[in-house]
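Trainee: Could you give me a close look at a single part of this structure and follow its surroundings outward?

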Amino acid sequence: MASSLFFSTPIPTKLISKQKPFSYHSSNPLLPQLTHKPLRSLVVSSAAAIEAEPDTSSSNSTPLKSLPFRVGHGFDLHRLEPGYPLIIGGINIPHDRGCEAHSDGDVLLHCVVDAILGALGLPDIGQIFPDTDPKWKGAPSSVFMEEAVRLMHEAGYELGNLDATLILQRPKVSPHKESIRANLCKLLGADPSVVNLKAKTHEKVDSLGENRSIAAHTVVLLMKK
């Protein structure tokens, strides 16, 4: 997509540089190969306009900066509708409605994936697993988790700790909390002592409080191995 900037005085072309490209390559044959292409050197027109165009000449990936720790935040929200299963953290929760989504609609696993990807400075879950791709229709979110964990280890990090909060009016999460947390630990390959799960109602306010939607927040700390 082109964008233009206008200046009252000419701009020296030597000040115009190329962006470094970013590429995401997965070893999982089910996953797309994503490339954020760089911008060509900007061209100053007679009206002093700068045009930015995608460059397909390079696909070298930008190395991840080595830091002792990285922090990521994830958020997800889904509408609740009759006729769908309610799956939270990979556990099927009995309820009269579930998440309307392209995949299985697991709001907790989706936000955990986004938190890990965010900590690693990678594209979000919607870019890696787009809801326009039919192969992810009804897919279990454990597939997304496995890829996020693989990328975390590939980058040389491990989970320091994770704190997640579910927000829903109904049903009560407490009877299922330990099952959800145990499955989350299994998918992360983490000790239960570093994985925390909380659940809140929304005090009957807006769609969350009216049992029309469910949301989750997750914060992760990744530590260098």
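Mentor: Leaving aside neighbours within four places in sequence, glycine 74 is in contact (heavy atoms within 4.5 Å) with Cys111, Asp114, Ala115, Ala216, His217 and Thr218. The model is predicted, with local features needing pLDDT of at least 70 and side-chain atom pairs pLDDT 80 or more, while totals for chains, interfaces and linings use all residues. Residues are numbered from 1 along each chain as its sequence is written, and side-chain values use heavy atoms, without hydrogens or water.

Glycine 74 lies in strand β5 (strands, E, at least two residues, and helices, H or I, at least four, are DSSP runs numbered from the N terminus). With a relative accessible area of 1%, glycine 74 is buried (under 20%; exposed is over 50%, partly exposed in between; 1.4 Å probe, protein chains only). Its C-alpha atom is 8.8 Å from that of leucine 117, 43 residues away along the chain.

Strand β5 also holds phenylalanine 69 and valine 71. Phenylalanine 69 counts as partly exposed because its relative accessibility is 48%, whereas valine 71, at 53%, is exposed. Beyond four places in sequence, phenylalanine 69 touches Tyr157, Leu221, Leu222 and Met223. Its C-alpha atom is separated by 9.3 Å from that of glutamate 158, 89 residues apart along the chain.

Phe69 and Val71 join Val219 and Met223 in a nonpolar surface patch, with about 350 Å² of accessible area together. Patch residues have over 30% relative accessible area and no salt bridge, with like charges joined within 9 Å and nonpolar side chains (Val, Leu, Ile, Met, Phe, Trp, Tyr) within 5 Å; a salt bridge is a Lys or Arg side-chain nitrogen within 4 Å of an Asp or Glu carboxyl oxygen. Areas come from the Shrake-Rupley method with a 1.4 Å probe, and for residues only the protein chains shown count as cover. β5 (69-81) and β11 (213-224) each supply at least two residues of the patch.

The largest nonpolar core (buried Ala, Val, Leu, Ile, Met, Phe, Trp, Tyr and Cys joined through side-chain atoms within 4.5 Å) has 46 residues, of which Ile88, Leu108, Leu162, Leu166, Leu184 and Leu188 touch the most other members. Elements supplying at least two core residues each include α1 (107-119), β9 (157-167), α4 (177-188) and β11. The largest share, 10 residues, comes from α1. Leucine 162 touches, among others beyond four places in sequence, Val112, Leu184, Thr218 and the patch member Val219.
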